[in-house]
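Please open the model in your viewer, with the sequence panel alongside, and keep a selection tool ready. The tour below moves from one selection to the next and says what is to be found at each stop.

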Amino acid sequence: MKSFYTMLVFVVISGLTISLVKAQTSATPMRPLEKANPWKDSQLIEPAGLADVINNPKTDVPVIFNIGSVEDVKDAKHIGPVSNVAEMEKFKREVNSLPRNSEIIIYCGCCPFAKCPNIRPAFFELTKLGFTNIKVLNLAANLKTNWISKGYPLANN
C-alpha cells in the first residue's frame with residue numbers, strides 16, 4: 001500500500017512538472033518583429049518626407065541624430081553606434097540639453113530594423129528621458145537603399 005501512494009505522488013508531481021514546462025514553452029506565439037517595435041506607426045517618418053523638410057529653407061529642421069555607423073543625412077548630428085556604451089553616453093549628453101518636447105528624429109540605417117542593434121536602444125533611452133516627440137526615420141532596408149540611392153541630401157553634399 002505504501003508503494004501505491006509513493007507511485008501516486010510521483011505520477012502527480014511528474015504530471016504537474018510536465019504541465020508547467022509545457023506552459024512555459026508553449027506560451028503565446030511570438031508576434032512578427034515589426035509589431036514588436038517600441039514605436040508607433042505614427043512615429044515613423046518616411047525618407048521622402050524628411051528630405052522635403054531638409055530641402056525646404058522655409059521649414060524648421062528637427063534635431064536629427066545618426067545613431068549608427070553609416071553616412072550622415074544632411075543636418076544630422078553624428079553620434080555613432082549607440083549599441084556601444086561610449087556612444088550611448090555621448091547620445092545622452094547631446095539630448096540632455098534639449099527641451100523634452102523637441103522634435104527628434106533618430107536613424108541608424110546599417111541594416112533592416114529587424115536586425116538593427118542601435119535603433120531600439122536609442123528610442124528606449126529617449127523615452128526613458130521623457131522626450132515626447134520622437135520620430136524614427138523609416139529606413140526599412142538601410143540608408144543606402146532607402147536614402148542614398150534616391151538622391152536625398154547627405155551631410156557632405
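Begin by selecting Lys74, which counts as partly exposed because its relative accessibility is 31%, a value that falls between the 20% limit for buried and the 50% limit for exposed residues. Bear in mind from this first stop that the model is a predicted one. Lys74 sits in the loop that connects S2 with S3. Which residues are in contact with Lys74, once its neighbours within four places in sequence are left aside? Show Ile54, Ile64, Pro153, Leu154 and Ala155, and you have that set on screen. Pro153 deserves a distance label, since its C-alpha atom is 5.5 Å from that of Lys74, although the two residues are 79 residues apart along the chain.

**The whole chain**

Now zoom out and switch to a cartoon, in which you can count five helices and five strands. Followed along the sequence, these elements come in the pattern α-β-α-β-β-α-β-α-β-α. Of the contacts with a separation of 6 or more, 66% are between residues 24 or more positions apart. If you add a surface, the protein exposes about 9,700 Å², of which carbon and sulfur atoms supply 59%, while buried residues make up 34% of the 157 residues.

**The sheet**

Select the strands next, and trace the open sheet in the order S1-S5-S4-S2-S3, in which the pairing is parallel. S1 and strand S3 (76–78) stand at the edges, where each has a single partner strand, so one side of each is left without a neighbour in the sheet. Between S2 and S3, which run parallel, there are three bridges, and to see a bridge pair you can select Asn66 together with its partner His78 in S3.

Add H3 to this view: the helix packs on the sheet and touches S2, S3 and S4, and its direction makes about 175° with that of S2. Then add H4, which lies across S4 and S5 and runs at about 160° to S4.

**The nonpolar cores**

With the helices and strands still displayed, turn on the side chains of Phe65, Ile67, Phe91, Ile106, Ile119 and Leu126, which touch the most other members among the 23 residues of the largest nonpolar core. At least two residues of this core come from each of strand S2 (63–66), helix H3 (85–96), strand S4 (104–107), helix H4 (119–128) and strand S5 (134–137). The largest share, four residues, is supplied by H4. Centre the view on Leu126, and look for its contacts with Phe91, Val95, Ile104, Ile106, Phe131 and Ile134, residues up to four places away in sequence not being counted. A second core of 16 residues is separate from this one, and you can locate it by selecting Val70, Val73, Leu139 and Tyr152, which are among its members.

**A last stop at Gln43**

Finally, select Gln43, in the loop between helix H1 (2–25) and strand S1 (44–45). Is this residue buried or exposed? Gln43 counts as buried, because its relative accessibility is 17% and the limit is under 20%. Beyond residues up to four places away in sequence, Gln43 touches Phe123, Ile134, Lys135 and Val136. A distance label between a polar atom of the Gln43 side chain and the backbone oxygen of Ile134 should read 3.5 Å, and Ile134 is also one of the residues that Leu126 touches.

Definitions and conventions: Residues numbered from 1 in each chain as written. Predicted model: local features only at pLDDT ≥ 70, side-chain atom pairs only at ≥ 80, totals over all residues. Heavy atoms only, no water. Buried < 20%, exposed > 50% of the residue type's maximum accessible area, 1.4 Å probe, protein only. Polar contact = N/O pair within 3.5 Å; in protein donor to acceptor, adjacent residues only side chain to side chain. Contact = heavy atoms within 4.5 Å. Core = buried A, V, L, I, M, F, W, Y, C linked by side-chain atoms within 4.5 Å. Areas by Shrake-Rupley, 256 points an atom, 1.4 Å probe, with all protein chains shown as cover. Pairing = 2+ DSSP bridges. Axes fitted to C-alpha atoms, helices over the stretch in contact; angles between N-to-C directions.
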